[in-house]
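Okay, thanks for coming, everyone. Let me put the sequence and the structure up, and then I'll talk you through a few spots.

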Amino acid sequence: MRNATVTREHEGPDDVEVVRRAGRDRAAFEPLYWRYHGRVYRYLRTRTPQDSDAADLTQQVFLRALDQLRQYDETRGTVAAWLFGIARHSATDFRRKHRRIVSAEDDLLASLGVIAADSPEGEAIRRDEIQCLYHALAALPSEKREILVLRFAGGLTIAEIGVVIGKSAEATRKQLRRTIQFLEEQYRDSHP
Amino acid sequence: VTAIHETYSDLFDDDATETTYRVVATLDNIYTKAVPAPPVHETVLAAMRQPANAPSPHVHRSRFPRPLAALIPASLLLLSVGVAGSLRVSAPAPVSADVIIQQAAAVQLPPNSALQAVYRGSYGERYTIWAEYGPRGTIIHSATTGVQSAQGITTEVNRCVGGRVKMRCYNYEAASKVLHQVVTITAADVAKSDPSFRTFRNIDDLTGAGVARLLTRLMHRTPARIHLLPKRRLNGAWVYPIRVDGQPAGRQPTTIYYFDVHGYYLRGMVIVPPRGPGVADTATEYMLLVRRDMIPITHVPAGTFKLHPPHGNQVLVVIP
């Protein structure tokens, strides 16, 4: 199962075709919005302190994408990677502007706390498992955490993550695997 | 093989163990399952309908300073529940906005009773509203409490208590333990802060028949702004949606009020920001009724209408 593809949650024309059509008629962009706005929002929610910040940034990402349709180059990566590249820039800008209220490392954990609240699945996974992972995630360098976020919240493939963060797919795969192994070790230590 | 295995098959190599599964499943829970659904961005959808060379709309974060922004919906909703009556109408189904508004305005709440209503907001916040009605069926005490929580821990509280004309409010940020105390707030303050509600001159405009009276005035003044939309279900209950166009159209938000088809009380409201290039923009906001109970005054918990501000590093904010 090692190199199996990530499950996709959409149907209809493929992303590249949608972008091509949208270049001629912006209304054709709509399937991409519905396909990705939840995933982009989830990613941005982990990079911002509040739901409303993530909502605003998500809107910004899609408006920017609409304005930059002609800049998309399919030889450089998938549409998903292109969109998340824009999202990553938006999040970076946001954090730069709100440095005083978004502390460098704590906001992500704070965001995770918010996200974990009211989860319908929350009872299925023991609270201490989540707490354990919170602590382990806090110990991770931000670039490793971001790979996790892009994989889990963004639903990107390893190759797409590589495009977004500017690394090869193989290097990204190794880093993601090492990060998961680190989290496994932390988990085993706290659940002997 | 579970859904987790299928979704994250690239993370399960030959060495994967039960611990791998637990870690991946927990990360999935943290990062995806528990994230609330994002709002739909009307501005993006509108931008898609514009010609390719149209200028992009500006994106602004919020119409209000944050503490006041949080107070306003609660205040308005408190007033809105003035239309939350016990009248059961046996007349034929209304066919116009005018008829629905009249029915809502005519609703009388039982004297010497209390109303408790809980609303959920677009950002997951919850507003609990208490109103006590005197012998004449008008509000004599009110209390609204808006709470934002994370992981079962309160992060922010907005609370207003008061009577017919004025309310005292505070905004408390639990994380920083900062208390923004607002001495008084009236509908006039609301009107200054939100141009879309400029028709509210004072709190008396809104008590009693509440929103319905406002709509009645609007109906007489600018009937073209008010529209009855097709009857629909809202959270499983049938409602009459009344749309009030912003004025000037396309520059101010459109508000849709959802009136219960039986009791004519407000089951929710949605504020849709204006669309179009160059228009200041925010996401669509809504408030939806979660529960609503009429109870005898004697059953109202003690202290319900006291402000009870929490201790904190107080910052006094007086709304001009």
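So, to start: what percentage of the 192 residues in chain A do buried residues make up? The figure is 52%. Keep in mind as we go that this is a predicted model.

Let's stay with chain A for a bit. Scroll along and you'll find nine helices and zero strands, so to speak a plain run of α-α-α-α-α-α-α-α-α from one end of the sequence to the other. As for contacts, take the ones in chain A with a separation of 6 or more: 65% of those come from residues 24 or more positions apart. On the outside, chain A exposes about 9,100 Å², and carbon and sulfur atoms supply 48% of that area.

Now zoom in on two of those helices, α8(A), residues 158-165, and α9(A), residues 169-190. Their axes come within 8 Å and cross at roughly 105°. Angles of 65 to 115 degrees count as roughly perpendicular, so that's what we call α8(A) and α9(A). Who's touching whom? On the α8(A) side you've got A:Ile158, A:Ala159, A:Ile161, A:Gly162 and A:Ile165, and they meet A:Ala169, A:Thr172, A:Arg173 and A:Leu176 from α9(A). Sort the residues of that contact by type and you get six nonpolar, two polar and one charged.

Okay, over to chain B, and one strand there: β10(B), residues 254-260. Is β10(B) mostly covered or mostly open? Mostly covered, with seven of its seven residues buried. Remember that in a regular strand the side chains alternate between the two faces of the sheet. Here, B:Thr254, B:Ile256, B:Tyr258 and B:Asp260 sit on one side, B:Thr255, B:Tyr257 and B:Phe259 sit on the other, and both faces are covered.

What does β10(B) pair with? One partner is β9(B), residues 237-244, which runs antiparallel to β10(B) and is joined to it by six bridges. If you want a landmark, find B:Val244, which stands opposite B:Thr255. Another partner is β11(B), residues 266-272, again antiparallel and again over six bridges. The landmark for that pairing is B:Tyr257, whose bridge partner in β11(B) is B:Met269.

Last stop, the turn. β10(B) and β11(B) make a hairpin with five residues between them. Click on B:Tyr264 in that turn: its phi is positive, about 60°.

That's my tour. Over to you.

Notes. Residues are numbered from 1 along each chain as its sequence is written. Chains are lettered from A and ligands numbered from 1 in the order in which they are written. This is a predicted model: local features need pLDDT of at least 70, side-chain atom pairs count only at pLDDT 80 or more; totals for chains, interfaces and linings use all residues. Side-chain values use heavy atoms; hydrogens and water are left out. Buried means under 20% relative accessible area, exposed over 50%, partly exposed in between (1.4 Å probe, protein chains only). Helices (H or I, at least four residues) and strands (E, at least two) are DSSP runs, numbered from the N terminus. Two strands pair if DSSP finds at least two bridges between them. Axes are lines fitted to C-alpha atoms, for helices over the stretch in contact, and angles run from 0 to 180 degrees between N-to-C directions. Angles under 35 degrees count as roughly parallel, over 145 as roughly antiparallel, 65 to 115 as roughly perpendicular and the rest as oblique. Contact means heavy atoms within 4.5 Å. Ala, Val, Leu, Ile, Met, Phe, Trp, Tyr, Cys and Pro count as nonpolar, Asp, Glu, Lys and Arg as charged, and the others, Gly among them, as polar. Accessible areas come from the Shrake-Rupley method with a 1.4 Å probe; for residues, only the protein chains shown count as cover.
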